[in-house]
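Please open the model in your viewer and keep the sequence panel beside it. We will go from stop to stop, with something to select at each one.

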Amino acid sequence: MSKNDNSILEEITSSEYKYGFETIIETDNAPKGLSEDTIRFISNKKNEPEWMLEWRLKAYRQWLTMKNPLWANVSYPQIDFQDIIYYSAPKQKKKVNSLDEIDPELRKTFEKLGISLDEQKRLSGVAVDAVIDSVSVVTTFKTKLAELGIIFCSMSEAVHEHPELVRKYMGSVVPVNDNYFAALNSAVFSDGSFCYIPKGVRCPMELSTYFRINTAGTGQFERTLIVADEGSYVSYLEGCTAPMRDENQLHAAVVEIVAHDHAEVKYSTVQNWYPGDKEGKGGIYNFVTKRGICSGAYSKISWTQVETGSAITWKYPSVILKGDHSVGEFYSVAVTNNRQQADTGTKMIHIGKHTRSRIVSKGISAGKSQNSYRGLVQVFKRAEQARNFSQCDSLLMGDQCGAHTFPYIEVNNPSAQIEHEATTSKIGEDQLFYCNQRGIDTESAVALIVNGYAKEVLNQLPMEFAVEAQKLLAVSLEGSVG
Amino acid sequence: MLSIHNLHASIEGKKILNGINLEVKAGEVHAIMGPNGSGKSTLASILAGREEFEVTEGSVDFTGKDLLELSPEDRAREGVFLAFQYPVEIPGVSTINFLKTAINQIREYKGEKPLDAGTFLKTMKEKMKLVEIDQSLLNRSLNEGFSGGEKKRNEIFQMAMLEPRLAILDETDSGLDIDALRIVANGVNKLKNPDNAIILVTHYQRLLDYIVPDHVHVLYKGRIVKSGGKELALELEEKGYDWIKTEQAEIA
């Protein structure tokens with residue numbers, strides 16, 4: 001790309017983060033630092049049963065023996081785990097029974113973010129669980145969902161109200177000692193969403209969790225658990241933002257999905273944590289473990305992610321294809337700009353017979369960012385007739401960014417069919433000029449080209465989210481053309 | 001409408017245009033011919049605002065505006081259209097989506113409201129007939145996997161949709177078989193009206209059988225060395241460009 005081209009790209013990708021405000025609310029914080037006492041503090045705050053506390057302590061002891069993984073293609077200074085607040089909750093005067101009782105400041109925050117907590121105002125019928133810092137502040141449409149037997153509530157509530165389900169499934173997909181950050185999360189997780197869809201029920205609305213880190217110095221450790229019983233269906237959305245701060249904040253979440261026979265779960269994420277400034281100061285460290293298990297025959301789990309935020313992203317939403325004829329999908333658009341670093345991809349573990357998986361990954365790198373795709377396709381010996389198709393594309397903007405692809409393929413059954421396609425391209429000067437010549441300014445041209453490139457993934461998102469994601473892609477790359 | 005005065009331009013220090021003078025009035029069709037490397041496509045690119053060329057001297061006035069001062073997109077919004085010799089592929093973006101974006105940005109520039117979907121569709125259907133283009137092609141990714149003829153037809157379709165005041169067709173005839181050429185030429189003829197002007201950049205006379213020019217100019221070594229009516233094209237076809245080259249050598 002020519003010099004001039006680079007300068008245009010730069011302009012376009014250097015726009016400002018639009019969710020960087022902080023809400024001034026009174027919070028209830030744990031003292032900084034991590035120890036068994038911190039965990040007891042959290043557990044106590046949440047009034048948890050003994051088994052939950054034991055589970056946490058076990059995780060913590062495991063974590064102490066583990067090491068921070070260094071294999072990812074990202075670099076950052078060592079995290080001081082004693083310098084993080086592990087629990088921060090907006091002070092509520094009392095337990096909220098209806099939406100009208102929510103702190104108006106909180107309500108305003110969510111309105112600013114474009115999320116209405118008013119059930120009446122929701123046109124599209126999306127049920128929302130809103131999480132600020134460490135706790136869920138409200139879950140909408142609960143009653144309506146309950147009529148169908150669907151449980152959709154905060155994780156804290158689930159621990160109290162549905163202990164049998166939580167005990168059965170929590171940690172069943174992502175074991176406590178799975179990895180460093182999953183172990184940390186298991187020890188200190190503060191809230192998150194829980195969702196159970198009973199047999200044969202098709203959830204009539206999108207379920208959604210909105211995560212917001214608000215308080216300075218806190219880490220967010222939420223845990224989401226989705227269980228889809230036989231023949232059920234649910235589409236789940238996750239969104240996240242954080243205020244702009246000079247410091248790095250840690251987000252280490254765990255998401256577990258269980259799909260029984262003939263069940264289908266679609267999980268969509270639009271990740272827009274604060275990415276840090278142009279020089280790479282501040283931003284969220286997004287170290288997340290997401291995994292689903294197709295435990296039943298003919299079940300299906302589909303991950304779709306649009307990753308535009310975070311200073312560092314480290315996540316590999318995966319599917320364990322245990323049930324015969326089960327299907328796993330991973331659709332991803334990961335944008336990195338300025339000094340952002342992303343190492344993201346998926347794992348498709350084929351255990352059952354006739355299992356199929358599909359991976360479509362679209363990386364977009366701009367500025368001085370580094371964007372890596374890392375994926376594993378593993379076919380077990382008994383996985384007769386397993387199929388995988390992977391498509392990994394990289395789009396580069398400018399000449400100072402990097403795109404990397406690390407595909408791992410492990411096949412132990414000769415009947416497997418694995419396809420892998422990869423491309424790398426640049427937004428060409430020719431493409432931009434062609435758009436300009438039709439009256440389209442460069443910024444819109446980049447948005448058009450990038451959205452065209454990511455279309456296959458964006459098409460997987462629910463309509464309302466897709467439009468948002470398109471805008472977000474354009475905004476994330478503002479000032480990056482060159 | 002368009003007035004080019006003593007235009008000099010170079011790329012990476014190499015002089016390509018050496019003092020072009022050209023007047024184009026509304027309602028006129030001008031053909032610019034010349035051998036390879038004479039600067040025809042450069043002239044088209046400079047008018048459209050391609051930035052790798054450096055204008056070292058001269059001026060271009062377009063409907064009272066200094067064209068060279070305008071950004072490429074503003075030139076397009078003012079009504080300059082370039083049909084590309086090699087149209088660019090944009091994966092995942094349909095022609096329809098592309099044109100919607102273009103039209104609405106042009107309208108915004110003019111202070112008009114975005115075109116509603118109904119009107120857009122209606123206009124599109126009308127214009128599709130002009131260039132005998134199928135809607136399935138317009139739903140596909142722009143120019144991706146298009147044949148040479150489809151790409152050129154798509155260019156003319158875009159021209160029909162954008163209704164430019166000045167259309168510059170850069171070797172639109174190259175790579176077209178006779179049927180495609182006829183379709184493209186018919187489209188252009190139907191778009192011709194007393195308020196717009198067309199500049200045809202071409203090697204060959206054959207396009208001019210279909211689109212009859214009012215003026216023909218011969219470009220050689222970055223200058224217009226001969227101008228005349230449509231018969232000049234025929235003369236060139238007959239005698240070849242060597243005739244011009246010899247004549248120029250004699251003058252020199």
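What follows is a short tour of a predicted model, taken one selection at a time.

**Stop 1: a four-stranded sheet in chain B**

Begin by selecting β1, β2, β4 and β5 of chain B. These four strands make an open, antiparallel sheet, and reading across it the order is β2-β1-β4-β5. Now colour β2 (14-24) and β5 (65-66) of chain B: they are the edges, each with a single partner strand, so one side of each has no neighbour in the sheet.

Next, show B:H8 as sticks. What stands opposite B:H8 in β4(B)? It is B:E57. Turn to β2(B), and there the bridge partner of B:H8 is B:N18. The strands around this residue are joined by several bridges: β1(B) and β2(B) pair antiparallel over eight of them, while seven bridges join β1(B) to β4(B), also antiparallel.

Follow β1(B) into its hairpin with β2(B), where two residues lie between the strands. Select B:E12 here and you will find a positive phi near 45°.

At the other side of β4, select residues 54-62 of chain B together with β5(B). This antiparallel pair is held by two bridges, and B:F62 stands opposite B:K65 of β5(B).

Before leaving, add helix α1, residues 40-48 of chain B. The helix lies across β1 (2-11), β2 and β4 of chain B, and runs at about 110° to β1(B).

**Stop 2: a six-stranded sheet in chain B**

Clear the selection and pick β3, β6, β9, β10, β11 and β12 of chain B. They form an open sheet with mixed pairing, in the order β6-β9-β10-β3-β11-β12. Its edge strands are β6 (80-83) and β12 (223-228) of chain B, each pairing on one side only. On average, and ignoring direction, neighbouring strands of this sheet are turned by 20° against each other.

Zoom in on β11 (residues 215-220) of chain B. Five bridges join this strand to β12(B), and the two run antiparallel. To see one matched pair, select B:H217 and its bridge partner in β12(B), B:S227.

**Stop 3: where chain B meets chain A**

Now show both chains. How many residues of each chain are in contact? There are 31 from chain B and 20 from chain A. Together the two chains bury about 2,100 Å², with 60% of that on carbon and sulfur atoms.

For the charged links, look for three salt bridges across this interface. One to display is B:E155 with A:R438, whose closest N and O atoms are 2.6 Å apart. On chain B, the elements α2 (72-78), β6, β7 (90-94), α3 (95-109) and α6 (148-162) each supply at least two residues of the side that touches chain A. Highlight α3(B) in its own colour: with six residues, this helix gives the largest share of that side. If you colour the chain B side by residue class, you will see 17 nonpolar, seven polar and seven charged residues. Polar contacts between chain B and chain A come to 13 residue pairs.

**Stop 4: a salt bridge inside chain A**

Over all chains, the salt bridges number 25. For the last selection, take A:D393 and A:K362, whose side chains meet in a salt bridge at 2.9 Å, N to O. This pair links distant parts of the chain, 31 residues apart: A:D393 sits in strand β21 (residues 387-396) of chain A, and A:K362 in strand β19 (residues 356-365) of chain A.

Definitions and conventions. Residues numbered from 1 in each chain as written. Chains lettered and ligands numbered in written order. Predicted model: local features only at pLDDT ≥ 70, side-chain atom pairs only at ≥ 80, totals over all residues. Heavy atoms only, no water. Pairing = 2+ DSSP bridges. Axes fitted to C-alpha atoms, helices over the stretch in contact; angles between N-to-C directions. Contact = heavy atoms within 4.5 Å. Buried area = accessible area lost by both parts, 1.4 Å probe. Salt bridge = Lys/Arg side-chain N within 4 Å of Asp/Glu carboxyl O. Polar contact = N/O pair within 3.5 Å; in protein donor to acceptor, adjacent residues only side chain to side chain. Nonpolar A, V, L, I, M, F, W, Y, C, P; charged D, E, K, R; others polar.
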